[in-house]
Amino acid sequence: MNKKQKRILYKNMGILLALTALCAVLARSGIFTGGETLQDLAKKQEQETTSPDQSDSVSGADSLPASDQTTSAVSAETEMEPQDTQAEQSENETIPEEGELPMADRVVYQEGFYYESLNDTIKEQITGISYPADDTDAAVSYDMLRHVNLLYYDFNGEIQTGELICHKAIAQDLTEIFYELYEMRYPIEKIALIDDYQGDDELSMQDNNTSCFNYRALASGKLSNHAYGLAIDLNPFYNPYVTHRSDGSVHIAPAGSEEYADREQTFAHKIDEEDPACQLFKQHGFTWGGNWRSVKDYQHFEKEL
């Protein structure tokens, strides 16, 4: 093969290679097949480079049934609830107010029945009313008194909380007596400090209030046993104080309770020898005013030191 023939051969081979390359480019561009364009290929490659985690997350959610997708959404919200609830609780939480702390010498007999020394609140409440504002010459001091907390059934059969102030020598007696009365559902209309009536014994009796300590004197000028916290008046309106005077007249207190001075009658809340309260007080060493000779104080129980 001479040089001229070789040049012709090389030229034809170059043309053939060029045509082959052109056909390959045209086939890839989709002109012959009607398939993907170069832009489509670019998009496909871009999608293929998407991270596996994102692809799995999207495809996983799309593949779930509608009900499962709803459940997943609820679960996601539920996972957030504890944090939200804690935040709300933190904002709305209120610190309970501290009540009066028990005194160091509190004696608990039964649940709801206890006694202790007078705290500052009680002292402030009674000073100048049932307790002397100036106690320089007082026959009793704060230290000699005890505050008694108890439960009782009122005239409607409902449980109430009552309080008394008494001499420390009878605090245990009163706690035990009123616990026994509570157990037998003995009806007592009210048990409150005389200070709720401004220390007025007449007003307290008219309201049928059961009370104990009140620093007051008798008509003779002698201190009443109530002044020492050693006497208690129980359901006083139905069990009045009856005095027979030298002129033949009769004084009955409180006013309005005259019909209950006749002890021959039978009526509710009457204290007599058969009354459970009367028996309990006597068992604890108290005397009953209904047994007195010169006067009759049917509401009254007292104990000597």
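Gln-299 is buried, with a relative accessible area of just 1% (buried means under 20% relative accessible area, exposed over 50%, partly exposed in between, with a 1.4 Å probe and protein chains only). Keep in mind that this is a predicted model, where local features need pLDDT of at least 70, side-chain atom pairs count only at pLDDT 80 or more, and totals for chains, interfaces and linings use all residues. Residues are numbered from 1 along each chain as its sequence is written, and side-chain values use heavy atoms, with hydrogens and water left out.

**Around Gln-299**

Gln-299 sits in the loop between strand E11 (295-297) and E12; helices (H or I, at least four residues) and strands (E, at least two) are DSSP runs, numbered from the N terminus. Its side chain reaches the backbone oxygen of Asn-239 at 3.0 Å. That is a polar contact (a pair of N or O atoms within 3.5 Å; within protein, one must be able to donate a hydrogen and the other to accept it, and residues adjacent in sequence count only if both atoms are side-chain atoms). Leaving out residues up to four places away in sequence, Gln-299 touches residues including Met-205, Ile-232, Pro-236, Tyr-241 and Ala-253, where contact means heavy atoms within 4.5 Å.

**Helix H8**

Over in H8 (residues 276-283), the buried residues are Ala-277, Cys-278, Leu-280 and Phe-281. They cover an arc of only 165° around the axis, so they end up on the same side of H8; the arc is that of the directions from the helix axis to the C-beta atoms. Their cover includes helix H6 (171-183) and the strands E7 (231-233), E10 (287-288) and E12 (300-302). At the N-terminal end, Asp-275 acts as the cap of H8, with a side-chain oxygen 3.1 Å from the backbone nitrogen of Ala-277. Just after H8, Gly-285 takes a positive phi of about 90°.

**Cavities**

The structure holds two cavities of 30 Å³ or more. A cavity is a set of points, on a 1 Å grid over the protein atoms alone, where a 1.4 Å probe fits but cannot get out, and lining residues have an atom within 4 Å of a point. Grid points are joined across faces, edges and corners, and a volume is the space filled by probe spheres set on the points.

| Cavity | Volume | Lining residues include |
|---|---|---|
| Largest | about 40 Å³ | Ile-165, Ala-192, Ile-194, Asp-195, Phe-213 |
| Second largest | about 30 Å³ | Ile-194, Asp-201, Arg-216, His-226, Asp-233 |

Terms used. On a 1 Å grid over the protein atoms alone, a cavity is a set of points where a 1.4 Å probe fits but cannot get out, and a pocket is an open set with protein on both sides within 12 Å along at least five of seven lines; lining residues have an atom within 4 Å of a point.
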